[in-house]
Amino acid sequence: MAFHLETSNVATRENRLGSITGYMGSLRDLATQSEQGTLRGCSRCFSQSSSCLSGCCLSQLGRIRDVAVIHHGPAGCSAAAAGTYYMSRVMAKKRGVTSNAVYVGTDMNEQDTIFGSTEKLRSIILEVSRRYAPKAIFVATSCATGIIGEDIDSVVEEIREEIDVPIAAVHCEGFKSRIWATGFDLSDHAVMSTIVKAPQKKRNTVNFKNFFESARDEIIEIFQHFDLEPVFLYCNATVEELSHMSEALATTCICGTLGSYLGNALEQTYGVPYIHSINPLGIAGFEAWLREIGRVTGRSEPVERYIAEQRAIYLPQIEEAAKELKGLRAVIGMGPGYTFEVSRVLQELGIEVVWALAWHYDKKYDDEKIPPSMEYLLEEGMDFEASVADQQNYEVMHILKKYQPDLYLSRHPGSTVWAIKNGTPAVYVDDEYKIFGYRHTLEFAHTILNSIRNRSFEQNLAQRTKLPYTDWWYQQNADLFLEEG
């Protein structure tokens with residue numbers, strides 16, 4: 001798929017990848033329809049909750065050190081500023097570095113939405129540049145600017161001649177896509193089209209796209225075995241580091257949903273190989289990921305030595321924990337980059353997945369292939385009931401009530417809270433590295449064991465909580481609100 005880095009916009013996941021937010025069936029049917037090109041998403045006549053793509057986009061950009069994010073919209077659109085600003089400072093402090101990243105809203109009013117406010121935007125950009133001296137500036141749209149057709153591209157083009165730092169227009173209107181992961185693509189596009197430079201020489205680095213670099217020290221230590229240096233993106237990365245991404249030996253990511261656009265764009269534009277493997281979660285994922293890195297960078301021999309050493313340490317312990325986990329039944333609800341990866345890990349541990357919910361589903365990635373996680377599950381002959389539901393908790397509750405699983409797992413805390421109120425033990429897979437590699441897979445197994453050994457908290461809470469869902473609702477088919485899109 002061609003990447004048009006000369007433009008400031010990028011097509012949504014629905015239009016570019018055929019992604020959907022509504023489906024109910026089985027894993028095999030979902031994958032088969034994806035491969036055959038017959039998959040059609042369903043729409044909902046009732047929707048309980050969702051998220052905004054601008055949050056995903058601007059939180060990614062706002063964590064880059066010493067940049068300015070200018071959100072051109074009403075004051076309410078800047079509500080995301082608090083979280084982004086807080087996380088950028090907290091993560092920088094945790095790392096021991098300083099970030100002077102700023103997040104500015106333009107506070108559009110009624111007059112601005114009627115007559116336009118490009119002059120106001122222009123003056124704000126120049127003032128932000130003068131006052132904060134950022135290393136890069138991202139000018140982002142909002143729903144309001146998208147509706148009135150505000151021409152931020154012309155403003156950005158004119159100002160490029162007046163300031164000496166990269167500046168990008170970012171079209172992240174919240175209404176443009178039902179899939180908030182489109183925001184990840186928009187942030188990657190802004191970085192690729194504005195900051196990344198053509199390669200001058202090859203470096204001994206691997207681009208590593210992640211959320212919060214919480215396993216930074218551990219990954220650096222692992223990569224030292226192979227004489228490689230990871231460069232973590234985007235949290236705490238500098239603009240200078242981003243400008244050299246095209247000179248890396250490879251690009252990899254902790255989550256396919258998060259990094260597929262960046263990885264494929266670097267591969268197709270600058271020839272930087274993207275590690276097309278299942279994510280490094282669980283035993284099979286970690287080993288497949290390491291071996292692909294070894295193959296791409298010419299380091300297969302030290303990779304195999306490392307795998308052999310680590311298997312000897314951790315495999316017996318993981319197998320011992322799996323004996324107690326065997327036979328448990330689980331429901332899982334996460335973004336697709338984790339749902340189908342964690343499903344695989346659970347089955348490695350002997351846990352049966354009775355239902356998997358993905359908050360959206362990408363029919364393919366930008367390399368025109370189905371996601372590696374789905375491909376792996378099919379090759380291994382795995383199948384279970386699956387649905388696509390963008391954080392529709394009423395659907396999750398129906399499934400939990402029907403199947404009465406031993407465990408519910410989610411990467412979103414609000415979802416786990418509802419499960420616990422229902423009396424179902426829940427594991428919040430908060431950290432992206434919670435199941436990374438051998439050691440964290442073992443820790444993950446012990447976390448599950450701790451959750452199921454003592455269920456008194458869930459049982460007591462369920463007895464004292466009145467849920468809004470009636471017996472009538474639980475008697476309905478879970479796909480009652482799904483219609484052909």
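This note goes through a predicted model, taking its pocket and cavities, its salt bridges, a surface patch and two single residues in turn.

1. The open space in this predicted model is a good place to begin, and the largest pocket has a volume of about 760 Å³. Its lining is made by 27 residues, and those closest to the centre of the pocket are Cys56, Trp180, Phe211, Arg411 and His412. Two elements give two or more residues to this lining, namely helix H3, which covers residues 53-62, and helix H15, which covers residues 336-348. Helix H3 provides the largest share of the lining of the largest pocket, with 4 residues.

2. Enclosed space is a separate matter, and the structure holds 2 cavities of 30 Å³ or more. The largest cavity has a volume of about 50 Å³, and the residues that line this cavity are Gly62, Val69, Thr84, Tyr85, Ser88, Ala101, Val102 and Tyr103. Helix H4 (80-95) and strand S4 (102-105) are the elements that give two or more residues to the lining of the largest cavity, and the largest share, 3 residues, comes from H4.

3. For charged pairs, the count comes to 29 salt bridges, and three of these pairs are taken up here and in the points that follow. The side chains of Arg16 and Asp366 meet in a salt bridge, with a distance of 2.8 Å from N to O. Arg16 lies in helix H1 (residues 13-17), whereas Asp366 lies in the loop between strand S11 (352-358) and helix H16 (372-379), so the pair ties together parts that are 350 residues apart in sequence. Both Arg16 and Asp366 are buried. These two residues also belong to a network of salt bridges, in which Arg13, Arg16, Asp185, Asp362 and Asp366 are linked.

4. A second salt bridge is formed where the side chains of Arg122 and Glu162 meet, at 2.5 Å from N to O. This pair links distant parts of the chain, since Arg122 is in helix H6 (residues 118-132) and Glu162 is in the loop between helix H8 (152-160) and strand S6 (167-170), 40 residues apart. Glu162 has a relative accessible area of 43% and is therefore partly exposed, given that this class lies between 20% and 50%.

5. A third salt bridge joins Glu218 and Arg439, whose closest N and O atoms are 3.0 Å apart. Here too the pair links distant parts of the chain, with Glu218 in helix H10 (residues 216-224) and Arg439 in helix H19 (residues 437-453), 221 residues apart. Glu218 counts as partly exposed because its relative accessibility is 21%, and Arg439 is likewise partly exposed, with a relative accessible area of 33%.

6. On the surface of the model, Ile147, Ile148 and Phe175 make a nonpolar patch of about 310 Å². Of these residues, Ile148 is found in helix H7, which covers residues 143-148. With a relative accessible area of 32%, Ile148 is partly exposed, and this value satisfies the requirement that patch residues have over 30% relative accessible area.

7. Leu258 offers a view of the interior, for this residue is placed in helix H12 (residues 256-270) and is buried, with a relative accessible area of 0%. When neighbours within four places in sequence are left aside, Leu258 is in contact with Gln60, Phe184, Asp188, Lys209, Asn210, Phe211 and Cys253. One of these contacts, Phe211, is also among the residues closest to the centre of the largest pocket. In addition, the C-alpha atoms of Leu258 and Gly337 are separated by 7.5 Å, although the two residues are 79 residues apart along the chain.

8. Val354, found in strand S11, counts as buried because its relative accessibility is 9%, which falls under the 20% cut-off for that class. Apart from residues up to four places away in sequence, Val354 touches Arg329, Ala330, Val331, Glu385 and Tyr403. Separation along the chain and separation in space can also be set side by side for this residue, as Val354 and Val239 are 115 residues apart along the chain and their C-alpha atoms are separated by 45 Å.

Methods
Residues numbered from 1 in each chain as written. Predicted model: local features only at pLDDT ≥ 70, side-chain atom pairs only at ≥ 80, totals over all residues. Heavy atoms only, no water. Patch = residues over 30% accessible without salt bridge, like charges linked within 9 Å, V, L, I, M, F, W, Y side chains within 5 Å. Areas by Shrake-Rupley, 256 points an atom, 1.4 Å probe, with all protein chains shown as cover. Salt bridge = Lys/Arg side-chain N within 4 Å of Asp/Glu carboxyl O. Buried < 20%, exposed > 50% of the residue type's maximum accessible area, 1.4 Å probe, protein only. Contact = heavy atoms within 4.5 Å. 1 Å grid on protein atoms, 1.4 Å probe; cavity = no way out; pocket = protein on both sides within 12 Å on 5 of 7 lines; lining within 4 Å. Points joined across faces, edges and corners; volume = space filled by probe spheres on them.
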